[in-house]
Amino acid sequence: MRKILLLTTLISTIFISGLAQAAEFEVQMLNKGEKGGMVFQPDFVKAAPGDTIKFIPTDKGHNVESIKGMVPDSVEKFKSNFNKEFVLTVEKDGLYGVKCSPHYGMGMVALIAVGEPTNEAEAIAVKQKGKAKERFTAIFEEYEASK
């Protein structure tokens, strides 16, 4: 009886700890992807608090940087080095807008929706430039459809 109880406890602990693990998403930084030139692929990620997003510089010349006004309150801005993998752990609910610094005007942007976004209105209101405006329109449509 003691062995059965011990075995049941062990299996339950393994099962519960497996459920509690955070997810990791991979986003490629590409010169050309499924949606055209200079893209993050995917350009929309729906995550939960504690998840990580790994940005992979598949093609050279890219980085990832937060967009002013498009991160939850109290989240520090971030900017990666060029041609370096960057891992972002999203701890707070909200929308996180990101860009590739040199290719922002060419539309190299992405959106990460975490939990129950508290900064939705502020993120949507951020003025975008160049092709980023067009790409964010499509990304926000995908975000709305994911709710």
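D43 sits in the loop between β2 and β3, the latter strand being residues 44-47, and I start there in this predicted model since several contacts come together at that residue. With a relative accessibility of 7%, D43 counts as buried. Its side chain makes a polar contact of 3.0 Å with the side chain of K35. If we set aside the neighbours within four places in sequence, D43 is in contact with K35, V109, A110, L111, I139 and E142.

Two of those partners, K35 and E142, are themselves paired, because the two form a salt bridge in which the closest N and O atoms are 3.6 Å apart, inside the cut-off of 4 Å. E142 lies in helix α3, residues 130-146, while K35 lies in the loop between β1 and β2, so this pair ties together parts of the chain that are 107 residues apart in sequence. As for its surroundings, E142 is partly exposed, at a relative accessible area of 34%, whereas D43 is buried. Salt bridges that share partners join K35, D43 and E142 into one network.

How many salt bridges does the rule give in total? The count comes to five, and I would like to go through two others. In general terms, side chains of opposite charge can pair when their charged atoms come close.

One of the others is between K54 and E24, whose side chains meet with an N to O distance of 3.6 Å. K54 belongs to strand β4, residues 52-56, and E24 to strand β1, residues 24-33, so this salt bridge ties together parts that are 30 residues apart in sequence. Buried or exposed, what is K54? At 18% relative accessibility, K54 counts as buried, while its partner E24, at 47%, counts as partly exposed.

The other one I want to show joins the side chains of K147 and E120, with 3.1 Å from N to O. Here K147 is in the segment after α3 and E120 in helix α2, residues 120-125, so that distant parts of the chain, 27 residues apart, are linked. K147 counts as exposed at 56% relative accessibility, and E120 is partly exposed, with a relative accessible area of 22%.

Let me step back to the whole chain for a moment. The protein chain has three helices and eight strands, and from the N terminus on the elements run α-β-β-β-β-β-β-β-β-α-α. Of its 147 residues, 39% count as buried. Among the contacts with a separation of 6 or more, 67% come from residues 24 or more positions apart.

The next residue to look at is E65, which is placed in strand β5, residues 65-66. E65 is buried, with a relative accessible area of 18%. Not counting residues up to four places away in sequence, E65 touches F78, K79, G97, V98, K99 and S101, and with S101 there is also a polar contact between side chains, at 2.5 Å. E65 and V109 are 44 residues apart in sequence, and their C-alpha atoms are 9.4 Å apart in space; V109 was also on the contact list of D43.

K79, one of the residues that E65 touches, has its place in the loop between β5 and β6, the latter being residues 86-89. Where E65 is buried, K79 counts as exposed, at 54% relative accessibility. Leaving out residues up to four places away in sequence, K79 touches N63, V64, E65 and S101. For V64 there is a C-alpha to C-alpha distance as well, 5.8 Å from K79, across 15 residues of sequence.

I will finish with the largest pocket, which holds about 180 Å³ of space. Which residues line the largest pocket? The lining is made up of A123, I124, V126, K127, Q128, K133, F136, T137 and F140. The elements that give two or more residues to this lining are α2 and α3, and α3 gives the most, with four residues. By character, the lining residues divide into five nonpolar, two polar and two charged. These two helices also appeared among the salt bridges, α2 through E120 and α3 through E142.

Terms used:
Residues are numbered from 1 along each chain as its sequence is written. This is a predicted model: local features need pLDDT of at least 70, side-chain atom pairs count only at pLDDT 80 or more; totals for chains, interfaces and linings use all residues. Side-chain values use heavy atoms; hydrogens and water are left out. Buried means under 20% relative accessible area, exposed over 50%, partly exposed in between (1.4 Å probe, protein chains only). Contact means heavy atoms within 4.5 Å. A polar contact is a pair of N or O atoms within 3.5 Å; within protein, one must be able to donate a hydrogen and the other to accept it, and residues adjacent in sequence count only if both atoms are side-chain atoms. On a 1 Å grid over the protein atoms alone, a cavity is a set of points where a 1.4 Å probe fits but cannot get out, and a pocket is an open set with protein on both sides within 12 Å along at least five of seven lines; lining residues have an atom within 4 Å of a point. Grid points are joined across faces, edges and corners, and a volume is the space filled by probe spheres set on the points. Ala, Val, Leu, Ile, Met, Phe, Trp, Tyr, Cys and Pro count as nonpolar, Asp, Glu, Lys and Arg as charged, and the others, Gly among them, as polar.
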